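The exercises below concern the sequence and structure shown next. Please attempt each task before reading its solution.

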Amino acid sequence: MTNALMPIYVLATSLIAALVIFTLPERFHKVRTTFNLSAAVLKIVLVGVMAVGIANQLDYEFRYELLPGIDFILRADALSMLFAALSSVLWLCTTLYAIGYLEDAPNRSRFFGFFSLCVASTMGISLAGNLFTFLIFFELLTLSTYPLVVHRGTEKSLTAGRTYLRYTLGGGAILLIGVALMYGLVDQTGTITDFAQTGSMAELPAEQHVLLFVLFFVLIIGLGVKAALVPLHGWLPIAMVAPAPVSALLHAVAVVKAGAFGIVRVIYDIYEIEFAWQLGVLLPLAIWASITIIWGSLMALRQHEVKKRLAYSTVSQVSYIALGACLFGPIGTIGGIVHLLHQGIMKVTLFFCAGNYAETLGIHKISELDGAGRRMPLTSIAFTLGAFGMIGVPPLAGFISKWYLGIGALDAGMGWVIGVLIASSMLNAAYFLPILYRLWFKPVQGPWPDEHILAGRFETIGLLLWPTVATAVFSVAAGLFAAHMFSPLSWASLITYREYLP
Amino acid sequence: MSLLMYLVHTTPIPLLVLFPLLLALCVRADTARRRGWMLIIAPLPMLLGVLFWYCYGQPETFTEVPWLMLGLHWRFDTVLTPILLMSTVLWFAAGLYVWYSLRSGTGADEPHIGRYLRCWLLTLTGNLGLLVAADIASFYTLFALMTFAAYGLVIHDQTKRALFAGKIYIIMAVLGEGLLFSGLIWGAAQAAGGALTPVAPLIHELPLAIANSDYGMYIALLLFLGFGVKAGLAGLHWWLPLAHPVAPTPASAVLSGAMIKAGLVGWLLTLPLGGDLESAANMELVPTIAVLLGLIGAYGAAVLGVFSKKAKTVLAYSSVSQMGMITMMVGTGWLYPHAWPAILAAVIAFAVHHGLNKGLLFFGVGWLKALHGRARWVVLVLLLIPALNLIGVPFTSGEYAKDLFKDVISGLPVGLFYALFTYGALATTALMIRYFYLQRRP
Amino acid sequence: MIPILLIIPLAFAILSLLLPRKWTRTIVIPGLILQLGAALILCLTIYTEGPQDYALGDWQAPLGISLLADGFTVTLLALTALIAALCAIYALFFLERYNREQFYFWPLFWFLLASLNGIWLAADLFNLYVGLELLGLSAVGMVALTSERPALKAALDYLYAALFGSLAYLAGVALIYGAYGTLAIPQLSEMVAGNITTQVAVALMSVGLLLKTAIFPLHFWLPPAHGGALAPVSALLSALVVKASFYILALIWLDVGALAVTVSAAQLMGALGAGAILWGSWNAFKTPQVKMLVAYSTVAQLGYLMMLFPLAIGVSEAAATMAWQGTILHLLAHAFAKAAMFLSVGTLVLAIGHGRIADLGGVSQHMPMALFAFGLSAVSLMGLPPSGGFNAKWLLLQSAIQSGQWHWFVVIAGGGLLTAAYVFRIFRVSFTETVRHEIQATHPMLQLSALLLAFIAIGLGFASEWPLRLMDLTGGGTP
């Protein structure tokens, strides 16, 4: 019985945290912080317990009938635990960071409430056991992130919020159409859309294949808005007006990852990789993802603001996941799935750093970073590690992803993907190395733009610094200990073997 | 008990490699000026380790840590240890040079000493490490570490020229890393052969996999060019004459003497060289290109070099020229697989000889700058020894190395090529004359 | 058991008229508890024992007043009791500043409740008429409560619309009675044939009911009436009153006159619904007043209810069932969500003193719960998951897919985006930090009752199965 309720508990930790935080008055910040952090720690523990259970082949499933013939399913499988682990660990990191970042800012109850709600939605997305449940949490995510994007309440952030909504609600509507058609035309019994039931789509009659082809892309367009596939990525750079912890969360776990995770789910658990391959949907998606990878990198080159450059970098990096999911063969799959996590920890590090520069020294533009390495060494080291990771320099996490993606592409007979990977790495180098150059090799030019936090024992306040350092350490460790049995890579391999050898 | 055994069995090589890295973490900006000794002791453990290894009769020594990266495997390779030893010695000597100049205060007014030391130690880690790395991931890691950390050495002076050279250096390096990554990954995929594991084969499995692959020629070409950037291959050498003159003297010495050999080591480790690789013949195009590029490098660099205005530029071109000769040797060995074992010995000998002598000549530039009067003349004359060595006049290491090669190819149907290789000495001579001409007065 | 549900509100209506003024407030809570309890007991009875009917004074149909309680009826009864209870609690605190209005509000409230219950329970067309007339009058009275000029004008318009609607309906009823000699619904549904008399009768009744339900283009009276009334009144009107006439309309089209209506007529009804969605959303998007926005939103949301007709008429049984279920869910979800929305908006307006959207800046800091309630109800109205509104939309979409009516599919799927366009106007402003007006403190119960309603609307998204299962217990009234 506890098995059935575990997914509920995991979901409830952040959902209840959200509700409690909403009701707490603004001034109760100690209570709020304690509650928030203990919920986050509890969640990590629960996810850990569940992950051990999954590794030992336990089933965690909660289901009940929501509408006639449609079940609401929360189920933990290996893939969902990867995403759940990412979001629970980063929830703790970003919450700590946000506490430091928003010290003495107004509306903190609202902020942390929606922050927790946003994590609850990603939790739901990861644990969703069928397409319908996925859709529920996918939309909930849109709604819970809007208040975070517009949190500052300035004209600029409100405009950004409007753009964000246009894209995400539009994408949500398309996804709804896709899901509704999937249930209405293909899957009245709800078996195909159940992520745990495999192999049933291949048995459909051949005359439905055209429909399935079209539906695949309807679903992908719906998901692609969040996953920022070009040209559906327009909201992402604009949403950068949000506070740094929000950007970190949006880029690392919440929104873009939800889209990418959905793409993985659609390919592996609804269409089945083999059937998708036969249907011929993988190649177009792979090309689309590749275009996004290159386009995102090219656009990143043109940006002059730190966060904007990082945003376009996300556009590019997230498509690696989609690309990996399209590579027919276990190795490519491992690459795509493990990048889900690797990109998360690397990008969250980079955004934390950007936030640290902005909060501590008032730096927003890349040209203002000259010599910041000496003033903020730990932050700058973290940034360097994140940037090298993104480029794919070993032994960092990004290298592991690229390595598996490359070999997977060759195994799948899509050698041209290597070209995309290399081109993207070159472009990554082209937009990250100048930043590193400025950080470490350029002399400081005059006073900092707006230095609010003076260097004390450390370069900035601890709550900003230590989460940054922690995620940087994670991204080194994920690469350095990749072959270890508790690494993300090993977990991704476990997922993949379970997908390929059911 | 078994844990102890395990530790004894596994620790040595990683400790030797990571020692400089640990030192790098200890460098602090404010006290860096007094930490020059770190550069001296940094390569010592490795030096002692290799010497011990030699003393104990070169046993099979390796360290395996399966859970690190994609499965870490480091070893002392019988073929590469001469290069390892040479590099260690050179780094040690260059470290002495830095320590002395910091102590004597000649470099006292320089800023960024902390950064310089850190970059130095990181580059050192990478350079020595890649010579013992036997798995692809860690080899590539250390290669990248060396490449990126050396940027800090190149631009240390922060002059406009240094920054420009740094830019070209980093662009070429990134390009090289890209070529390398594609070559390595492609080769690794062939070696893995679609199996689920291992995804990262050991580096010595690459040559066979490449030889047996349908795309072997392309993979080999990618790897050849990728490492070629580091090895100063003609056409990819542009960063060398820019970077060596602007870098601080000891840094140029290790760049030209030791790091440039990393490219060669890459070739030796990954390319399908050798007799037992039957299908090597189907990729004749690549070795032919290698020989041609080697020739162009050997002579072209000499032409460019004799018109340069700085001694260090001359030496840089000389390095390109010498590496051109090595490229020719590698290309020839590639074309004639049965002759490879003999040629390999010549290549190693040549590489060691070049590394040490080129290092000395670079140090010479620094010494001559600092000295006056008679002492200067003494040094100038002493510098004739490495110069003559490089030219390969009789009874020198240069002659020994070149003869090893000539003996092999005299038995091969290479025609004019024998003469072309031999007259390479002329190119070297011209460069050496130019070097001494430029150094004739302070 | 059944008549108690009529007796309780009528008794309390008379009590609140007769008892001294200060007592009217005190009896509200006991009355609500009685009413809610009775509705729940009836629900349980029906659930365990199946549909029941009851003849008032033992006069059997066709002459007597007969009441029928089946699964659908009791669902609506429970809905009414619940929403009325929460609105009443809200009203208790809201009306503290309105001394004169308070006195009139409570009798009207109980009358409204009685007539609603009467309509849900009625089993013949004439009783429906009586209920409709009573409902209209008490609703008009409530709109006119403040006796300010705009309110009076709105009430007058409403009165005309209600009277004209009732007249048209009555004319249709008369025709039916002339043709078949009975008005009892169970009998009629077996007798009615698709002849011209029936069709004219159905058309007359439909026009009357469309007018009363405020379906585009006959919606003109609704925005001023709902937007101008006091918040608890608006909530009751939008959540329940318009649903009553829609209920009768659905009864006539799908049950009584099922054989007389044509597919093209049903499509026309659908077109009206689509028009309502478009027009209502557009006006809601444009209006500067927050309460008018919510009122226009009602106009738009009623359009979804009209989708029932094209989706349920002339299609396979499976599709029709889904359409029917979807409509019921929409009716429930909209009732809760719209009540929550009017109550929360009412609180906001009370706090800032007037209702311009542009002046809502900064309310999120002072009244987070009211805004949160608004947000949750908006989620349901937009049809975003998880909410009752989403499940309703889902079922309607599935029904459209089943019957291959892609034009309605597009309308239903696109309608949510239009809703989003106008509700996010409120959020956008409320997140700004600049406070333009002094924000007065309000009683927390005002925010809480709205929040509770909104939570029910969201919770319906997880518990849709219950009402749907209850509704399967039909003895008539549903196809």
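A residue is called buried if 20 or more other C-beta atoms lie within 10 Å of its own, exposed if 12 or fewer do, and partly exposed in between, with C-beta atoms placed from the backbone. The model is predicted: local features need a pLDDT of at least 70, side-chain atom pairs count only at pLDDT 80 or more, and totals for chains, interfaces and linings use all residues. Residues are numbered from 1 along each chain as its sequence is written, while chains are lettered from A and ligands numbered from 1 in the order in which they are written.

**Exercise 1. Describe the overall build of chain A.**

Step 1. Secondary structure comes first: chain A has 20 helices and two strands. Helices (H or I, at least four residues) and strands (E, at least two) are DSSP runs, numbered from the N terminus.

Step 2. The radius of gyration of chain A is 21 Å, close to the 23 Å that the globule rule gives for 502 residues, so chain A is as compact as a globular protein of that length. The radius is taken over C-alpha atoms, and the rule is 2.2 Å times the number of residues to the power 0.38.

Step 3. Along the principal axes, the C-alpha atoms of chain A fill a box of roughly 70 × 50 × 45 Å. Of the 502 residues in chain A, 66% are buried.

Step 4. Two residues are in contact if their C-beta atoms, placed from the backbone, lie within 7 Å. Of the contacts in chain A with a separation of 6 or more, 80% are between residues 24 or more positions apart.

**Exercise 2. Place A:Val417 in its surroundings and decide whether A:Val417 is buried or exposed.**

Step 1. A:Val417 belongs to helix H18 of chain A, which covers residues 416–441.

Step 2. A:Val417 counts as buried because it has 26 C-beta neighbours inside 10 Å.

Step 3. Leaving aside residues up to four places away in sequence, A:Val417 touches A:Ser290, A:Leu323, A:Leu405 and A:Ala409.

Step 4. A:Ile287 lies 130 residues from A:Val417 in sequence, yet their C-alpha atoms are 8.9 Å apart.

**Exercise 3. Work out how the chains meet.**

Step 1. Two pairs of chains touch, and the pair with the most contacts is A and C. Chains B and C share no contact, and their closest C-alpha atoms lie 41 Å apart.

Step 2. The contact between chains A and C takes 29 residues from chain A and 28 residues from chain C. On the chain A side, strand E1 (60–67), helix H5 (131–149) and helix H6 (155–186) each supply at least two residues. H6(A) gives the most, with 14 residues.

Step 3. By class, this side of chain A has 20 nonpolar, five polar and four charged residues. Here Ala, Val, Leu, Ile, Met, Phe, Trp, Tyr, Cys and Pro count as nonpolar, Asp, Glu, Lys and Arg as charged, and the others, Gly among them, as polar.

Step 4. The contact between chains A and B takes 25 residues from each of them. H8(B) gives the most to the chain B side, with ten residues.

**Exercise 4. Assess the confidence of the prediction.**

Step 1. The predictor gives the complex an ipTM of 0.90 and a pTM of 0.90.

Step 2. Chain C averages a pLDDT of 88, and 96% of the residues score at least 70; pLDDT is the predictor's confidence in each residue, from 0 to 100.

Step 3. Over residues 475–479 of chain C the pLDDT is below 50. Where pLDDT is low, the predicted coordinates should not be read in detail.
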